[in-house]
Amino acid sequence: MRYLAALLLTVFFTGSALAYQCPTLVNQIDQQLQSAQLDSDTKAKIVELRDRGESLHSQGKHAESVKVLNKAISELEAAS
């Protein structure tokens, strides 16, 4: 029983932590996009990933959102 309670608390707090990370990642992408010198295709792909991550966050799918937003950041840094 204690194991189950600990597991549930861990899952709950992990989800909450990820929920707060999403807006921070979106802001990071927005700031980097302002100063990045990108071709239109690369910028469109990064904006699409950013928008998908924000949408997933709004749907409560925070782990997926963080994964997508981190991919956008990686591609942005690779292109810069």
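The following exercises, with worked solutions, concern a predicted model of a protein chain.

**Exercise 1.** Determine which secondary structure elements the protein chain contains and in what order they run.

*Solution.* The count comes to three helices and zero strands. Read from the N terminus on, the order is α-α-α. Of the 80 residues in the chain, 26% count as buried.

**Exercise 2.** Identify the residues that touch the most other members of the largest nonpolar core, and state which elements supply two or more of its residues.

*Solution.* This core has 15 residues, and those touching the most other members are Leu-25, Ile-29, Leu-33, Ile-46, Leu-69, Ala-72 and Leu-76. Two or more residues are given by each of helix 1 (2–35), helix 2 (40–58) and helix 3 (62–79). Helix 3 gives the most, with six residues. Leu-69 may then be examined singly: leaving aside residues up to four places away in sequence, Leu-69 touches Cys-22, Leu-25, Val-26, Ile-29, Leu-49, Arg-50, Gly-53 and Glu-54.

**Exercise 3.** Establish how helix 2 and helix 3 are oriented relative to each other, and describe their contact.

*Solution.* Two packed helices are described by the angle between their axes and the distance between the axes. Here the axes of helix 2 and helix 3 come within 8 Å and cross at roughly 160°. Angles over 145 degrees count as roughly antiparallel; helix 2 and helix 3 are therefore roughly antiparallel to each other. Their crossing is left-handed. The contact involves residues including Ile-46, Leu-49 and Gly-53 of helix 2 and Val-68, Leu-69 and Ala-72 of helix 3. Sorted by class, this contact has eight nonpolar, five polar and seven charged residues.

Terms used: Residues are numbered from 1 along each chain as its sequence is written. This is a predicted model: local features need pLDDT of at least 70, side-chain atom pairs count only at pLDDT 80 or more; totals for chains, interfaces and linings use all residues. Side-chain values use heavy atoms; hydrogens and water are left out. A nonpolar core is a set of buried Ala, Val, Leu, Ile, Met, Phe, Trp, Tyr and Cys residues joined through side-chain atoms within 4.5 Å. Buried means under 20% relative accessible area, exposed over 50%, partly exposed in between (1.4 Å probe, protein chains only). Helices (H or I, at least four residues) and strands (E, at least two) are DSSP runs, numbered from the N terminus. Contact means heavy atoms within 4.5 Å. Axes are lines fitted to C-alpha atoms, for helices over the stretch in contact, and angles run from 0 to 180 degrees between N-to-C directions. Angles under 35 degrees count as roughly parallel, over 145 as roughly antiparallel, 65 to 115 as roughly perpendicular and the rest as oblique. A crossing is left-handed if the near helix is turned anticlockwise from the far one by less than a right angle, and right-handed if clockwise. Ala, Val, Leu, Ile, Met, Phe, Trp, Tyr, Cys and Pro count as nonpolar, Asp, Glu, Lys and Arg as charged, and the others, Gly among them, as polar.
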